[in-house]
Amino acid sequence: MHSGMIGKVEKARRYSRERDRLQFTQLTVSIDGDNGSHEVRFDLGRWECNCDFFTHRRTCAHTMALELVLEGMLPEEAAVA
């Protein structure tokens, strides 16, 4: 491996451990739920999910699961779980 790339790989590993460096502003994820696949979107601090529960409650198991996965990497105003 090229010596310049070795440094980049080491830096990438350090960044991945220092999760406070990462803050998501936009993301789309497909989650395979118990009753089918659902698309969850995060855009500028707001969650959206195409499941029926989210339509009525503005939160659901799918958005809460992503909040747990992305803990520490979302803007504070986005965390509702």
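Is threonine 63 buried or exposed? In this predicted model, threonine 63 has a relative accessibility of 1% and therefore counts as buried, since the limit for that class is under 20%. Threonine 63 belongs to helix α3. Leaving aside residues up to four places away in sequence, the contacts of threonine 63 are Val40, Trp47, Cys49 and Phe54. The surroundings of this residue are described below, after an account of the chain as a whole.

The protein chain contains three helices and three strands. Their order, read from the N terminus, is α-β-β-β-α-α. The radius of gyration of the chain is 16 Å, whereas the globule rule gives 12 Å for 81 residues; the value is well over that figure, so the chain is more spread out than a compact globule. Along the principal axes, the C-alpha atoms fill a box of roughly 55 × 25 × 15 Å. Of the 81 residues, 23% are buried. Among contacts with a separation of 6 or more, 31% join residues that lie 24 or more positions apart.

Confidence in the prediction is given by a mean pLDDT of 89 for the protein chain, with 96% of the residues reaching 70 or more. Among the elements, the lowest mean pLDDT, 92, belongs to helix α1 (residues 3-17), and the highest, 96, belongs to β2.

The three strands form an open sheet in the order β1-β2-β3, with antiparallel pairing. Strands β1 and β3 stand at the edges and have a single partner strand each, so one side of each is left without a neighbour in the sheet. On average, neighbouring strands of the sheet are turned by 20 degrees against each other, direction ignored. Helix α3 (residues 61-69) packs on this sheet and touches β1, β2 and β3. The direction of helix α3 makes about 135 degrees with that of β3.

Within the sheet, β1 (residues 26-33) pairs with β2 in the antiparallel sense over eight bridges. These two strands form a hairpin, with two residues between them. Glutamine 26 has aspartate 43 of β2 as its bridge partner. Aspartate 43 also stands opposite arginine 46 in β3. The antiparallel pairing of β2 with β3 comprises four bridges. A hairpin is formed here as well, again with two residues between the strands. In its turn, leucine 44 has a positive phi of about 50 degrees. Another facing pair of residues is valine 40 and cysteine 49, the latter in β3.

Valine 40 and cysteine 49 recur in the largest nonpolar core, which has 13 residues. The members that touch the most other members are Val40, Trp47, Cys49, Phe54 and Leu74. Two or more residues of this core come from each of β2 (36-43) and β3 (46-49). Tryptophan 47, one of the residues named above, has contacts with Val40, Arg41, Phe42, Phe54, Arg58, Thr63, Leu66, Glu67, Leu70, Leu74 and Ala78, not counting residues up to four places away in sequence. Threonine 63 of helix α3 is thus placed against core residues: the contacts of threonine 63 include Val40, Trp47, Cys49 and Phe54, and these four are among the core members that touch the most others.

How values were computed. Residues are numbered from 1 along each chain as its sequence is written. This is a predicted model: local features need pLDDT of at least 70, side-chain atom pairs count only at pLDDT 80 or more; totals for chains, interfaces and linings use all residues. Side-chain values use heavy atoms; hydrogens and water are left out. A nonpolar core is a set of buried Ala, Val, Leu, Ile, Met, Phe, Trp, Tyr and Cys residues joined through side-chain atoms within 4.5 Å. Buried means under 20% relative accessible area, exposed over 50%, partly exposed in between (1.4 Å probe, protein chains only). Contact means heavy atoms within 4.5 Å. Two strands pair if DSSP finds at least two bridges between them. Axes are lines fitted to C-alpha atoms, for helices over the stretch in contact, and angles run from 0 to 180 degrees between N-to-C directions. pLDDT is the predictor's confidence in each residue, from 0 to 100. The radius of gyration is taken over C-alpha atoms; the globule rule is 2.2 Å times the number of residues to the power 0.38.
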